[in-house]
Amino acid sequence: MASLFCYRDSCPSVKNILLLDSEGKRVAVKYFSDDWPTNGAKLAFEKSIFTKTLKTNARIEAEIMMFDSNVIIYKFIQDLHFFVTGGDDENELILATVLQGFFDAVALLLRNNVDKREALENLDLILLCFDEIVDGGMVLETDPSIIAGKVATHTMDADAPLSEQTITQAWATAREHLTRTLLK
């Protein structure tokens, strides 16, 4: 059996995962690196890569580019732009697999209706995808069906304590309890 213990230097790592809209505005982002220490630096980075990739055609297959000593893999669908960033020494195939896993998991969770409106309505699912794919920059999972399955499991557990529920679930639980008490 292979050892599950992994050194940070030998494991594939990701610096950030970005989901931007067709105007370059944030839909969902998660940074795992201190390369961009301030929110302003993060926003400037996002704007720069959005501007640089705007005229490319990454709708069928993911594209790869080098930018500021980073490898960036990106893909577009409808009005959403998916990005995964790794260091310049990171394996592009692994980053592409992370991007495809994220992309396909989101498509599964949104029932292939991947657009900005649907993404914003299900933002909690997308944020949970980030957590299932990468932890502290280290890649955990790339299989979209496993990612979507774990996220769906989180969202369907209505008997979980409030501290372990997403905000949407907590509101639904609170609304249900309030309705029950008012109807008694």
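1. How much area does the protein expose, and what share of it do carbon and sulfur atoms supply? The protein exposes about 10,800 Å², and carbon and sulfur atoms supply 54% of it. Accessible areas come from the Shrake-Rupley method with a 1.4 Å probe; for residues, only the protein chains shown count as cover.

2. This is a predicted model: local features need pLDDT of at least 70, side-chain atom pairs count only at pLDDT 80 or more, and totals for chains, interfaces and linings use all residues. Residues are numbered from 1 along each chain as its sequence is written, and side-chain values use heavy atoms, leaving out hydrogens and water.

3. The protein has six helices and seven strands. These are DSSP runs, numbered from the N terminus: helices are H or I, at least four residues, and strands are E, at least two.

4. Of the 184 residues, 41% are buried. Buried means under 20% relative accessible area, exposed over 50%, and partly exposed in between (1.4 Å probe, protein chains only).

5. The largest nonpolar core has 33 residues. Such a core is a set of buried Ala, Val, Leu, Ile, Met, Phe, Trp, Tyr and Cys residues joined through side-chain atoms within 4.5 Å. Helix α2 gives the largest share, nine residues. A second, separate core of 14 residues includes Leu20 and Phe67.

6. Ile17 is among the residues with the most contacts inside the largest core. Beyond its neighbours within four places in sequence, its contacts (heavy atoms within 4.5 Å) include Ala28, Phe102 and Ile133.

7. Glu118 lies in helix α3, residues 116-121. Glu118 is buried, at 14% relative accessible area.
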